[in-house]
Structure formats: C-alpha cells, structure tokens
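Trainee: Could you take me slowly through one part of this model, the aromatic rings and how they sit against one another? I would like to follow a single residue from partner to partner.

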Amino acid sequence: MKTTGIHHVTAVAGDPQQNLDFYTEVLGLRLVKRTVNFDDTTTYHLYYGDETGSPGTALTFFPFEGARQGRPGRGQAVATAFAVPEGSLDYWADRLDASDATVHDRQTRFGVGVLPFEDPHGQPLELVESESPIEPWADGPVPADRAIRGFFGVTLHSEEPDATANVLDVLGFDRVDSEPDPDDGAERVRYAACGDRAAVVDVLHRGPPRGRPGVGTVHHVAFRAVDEDEQMAWRERLSDAGQFVTPQKDRQYFRSIYFREPGGVLFEIATDGPGFTADESVPELGSELKLPSWLEDERERIEAALPSLGGTDETATNDEGSGAPTTDEDGEATVTDGGERR
C-alpha cells in the first residue's frame with residue numbers, strides 16, 4: 001500500500017478578497033469551492049484547483065483577515081510548488097512581476113527550472129517546469145500552453161529530517177536524490193511517490209528559524225487515499241509505526257485523518273472522493289457558499305458573520321467576521337503532537 005502523492009495543501013491567508021483575486025486572476029486557478037472552516041464558521045475555507053479540483057491540484061486557504069503574519073520555518077511545509085510547462089517561466093516571471101507577488105531569482109534544482117515567489121500575503125510558492133497529466137482550467141485567464149497543471153510537490157523544513165524520512169517511507173515515498181539547496185547550501189533531499197502527479201516531497205536539512213504559524217504559512221499537507229477502506233488501513237499502519245492519528249473527520253468533499261509527524265509538520269490522509277461535485281455541478285463549482293448539512297440551520301448567522309466576497313470591487317467586510325486566530329494553530333483540524341484537537 002502506497003500513497004500516490006499529494007491530495008491537497010491547506011494554508012493560512014489574510015484578506016479573503018485579495019486571496020481570491022490573486023489565485024484566480026493572476027495564477028489562473030479556478031475557485032472550485034467556497035465554504036467555511038468547519039471548526040470556526042466565521043472564516044471561509046476557499047479551494048482552488050483545476051476545473052473540478054481533482055486530487056493533486058487543490059490549494060486551499062483559511063483566510064483570517066487581520067491575523068498576525070506567520071513565519072515559514074522549521075516544523076512546517078515551507079514551499080508549495082506547481083507544475084508548469086517547460087519554457088513557460090519567462091512568461092510567469094513577467095506575469096508575477098506585474099502583480100502583487102514577490103518574485104525571487106530563478107533557480108535550477110535537480111536539473112529543472114524553478115521560479116520561487118510569494119503571494120501578496122507572504123505564502124511561499126514555486127513554479128517548476130515539469131510534465132503533468134493535469135489539464136488546466138480552460139476558462140482561466142492564463143493561456144493553456146503556459147497554465148498551471150496541478151502540484152509538482154512541497155518542501156518540508158523538518159525539525160527531525162531523518163524521522164520525517166521514516167514517515168515518508170511508511171507512506172510509500174522513495175528517496176531519489178539530494179543536492180545542496182541553491183539558497184543556503186543546506187542539504188535538500190528529494191522523495192517521490194508512485195503517482196503521475198503531485199508526487200514530490202523535498203526535505204530540507206536546515207537549522208533555524210523555527211516556523212511561526214499565521215498568515216503566509218502552510219497549515220497542513222494532505223496525501224491521497226483511494227477510499228475510506230484504504231484510509232483506515234493507513235490509520236492502522238501509521239498507528240503501528242508510532243504516530244498518533246486522529247479519528248476520521250468528515251470534510252464533506254473527502255474524509256480525513258490527521259497526525260503530526262516527528263519533524264513538526266501536520267499531515268493528513270484524505271480520500272479521493274466524493275469530490276467537489278458532491279453538492280454542485282461542474283459549471284457551478286465555487287459559485288455559492290456551500291455548507292454541510294449540520295450547519296445549514298445556521299446559514300443566516302454564518303453568512304452575516306463572513307466578510308463579503310465577490311468581484312474585485314466588492315471589498316467591504318463585516319467587522320464581526322475578522323476570524324483572527326488567537327493561538328498559534330487555530331484552524332480546521334488543529335491537533336497537538338499527541339493527536340488531540342485543541
């Protein structure tokens with residue numbers, strides 16, 4: 001039993017309208033679902049991906065307007081990388097330079113071109129020239145021959161790189177290469193899953209600083225399970241390997257279990273189904289606020305507390321909906337190192 005790769009990545013953002021504008025208008029991703037953080041309904045949970053948000057393409061956000069800025073570092077995933085067609089980095093450098101992104105110098109990593117940048121809220125992202133079977137969203141603003149094709153992978157700045165490697169081995173990742181990181185010479189070790197998309201995890205052997213959760217940081221990285229039976233098998237295997245794994249949680253569009261690996265990064269195992277078309281047709285994805293059945297009776301209260309979210313001209317917000325986190329790890333499925341929710 002091996003995971004085929006990354007299912008989704010969930011991060012923390014600031015102003016939700018700025019987040020929506022950047023990921024749809026600049027990066028050209030589709031908003032495939034607008035719902036709420038099931039554990040803090042004053043905050044959106046926004047999902048971006050390909051046309052249907054298929055596994056391996058979905059970058060999701062908890063946007064906490066007014067929350068403190070985080071700091072990517074040890075104990076966190078410190079970069080999320082998208083796959084783009086070979087030869088497209090010049091296009092993307094120009095496009096990102098014209099936006100609110102912070103663009104860094106291009107790199108060559110493991111023989112492949114990489115363009116690192118940060119979104120307007122400081123979220124570290126990368127574009128990697130790589131083949132991918134994912135078709136970009138046809139109605140997006142980026143030409144198809146330049147458009148993002150799902151994830152390439154993630155970079156982890158582990159507190160215990162060897163222990164993180166052991167967990168990746170349990171998940172079915174193989175070590176494939178290592179090299180000095182172009183930024184500071186720290187060893188970067190590459191692991192790959194057996195899937196055809198979103199299959200790369202790089203682990204940095206790097207020292208301080210320690211990460212500080214908040215805006216501009218990744219909350220968790222989710223890996224794929226085909227279905228609930230496989231997910232429960234993963235729960236048993238991970239528990240046998242010494243991980244403290246949460247009970248299954250219903251996230252409406254997939255089922256989830258969570259554990260904090262020894263290097264400090266919160267991992268999730270998510271099922272491929274039922275998917276984002278469970279409550280919307282493909283043409284309507286992301287067009288309405290969707291709530292799970294157990295929150296429908298509270299829809300009026302929830303909608304009143306959320307900031308408005310619409311076109312670029314609709315930026316007014318409700319003061320009651322700031323959703324600023326008050327502890328280091330507020331957000332959906334927050335767990336301690338022992339696997340219990342705070």
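Mentor: Let us begin with Y23, keeping in mind that this is a predicted model. Y23 is buried, since its relative accessible area is 0%, a value under the 20% that serves as the cut-off for that word. Its ring and the ring of F61 have centres 4.8 Å apart and planes at 45°, so this pair is tilted, because an angle that is neither under 30 degrees nor over 60 falls into that class. Y23 belongs to helix α1, whereas F61 belongs to strand β4 (residues 58–63), so the pair ties together parts that lie 38 residues apart in sequence. F61 is buried as well, again with a relative accessible area of 0%.

Now look at the wider setting, for the structure holds 14 aromatic pairs. One of them joins Y23 to Y48, and here the rings are stacked, with 5.4 Å from centre to centre and 25° between the planes. This pair also links distant parts of the chain, as Y23 sits in helix α1 (residues 16–26) and Y48 in strand β3 (residues 40–49), 25 residues apart. Y48, too, is buried, with a relative accessible area of 0%. If you step back from the separate pairs, you will find that ring pairs link F22, Y23, Y48 and F61 into a cluster.

Methods. Residues are numbered from 1 along each chain as its sequence is written. This is a predicted model: local features need pLDDT of at least 70, side-chain atom pairs count only at pLDDT 80 or more; totals for chains, interfaces and linings use all residues. Side-chain values use heavy atoms; hydrogens and water are left out. Rings of Phe, Tyr and Trp (its six-membered ring) pair if their centres lie within 6.5 Å; planes under 30 degrees apart count as stacked, over 60 as edge-to-face and the rest as tilted. Helices (H or I, at least four residues) and strands (E, at least two) are DSSP runs, numbered from the N terminus. Buried means under 20% relative accessible area, exposed over 50%, partly exposed in between (1.4 Å probe, protein chains only).
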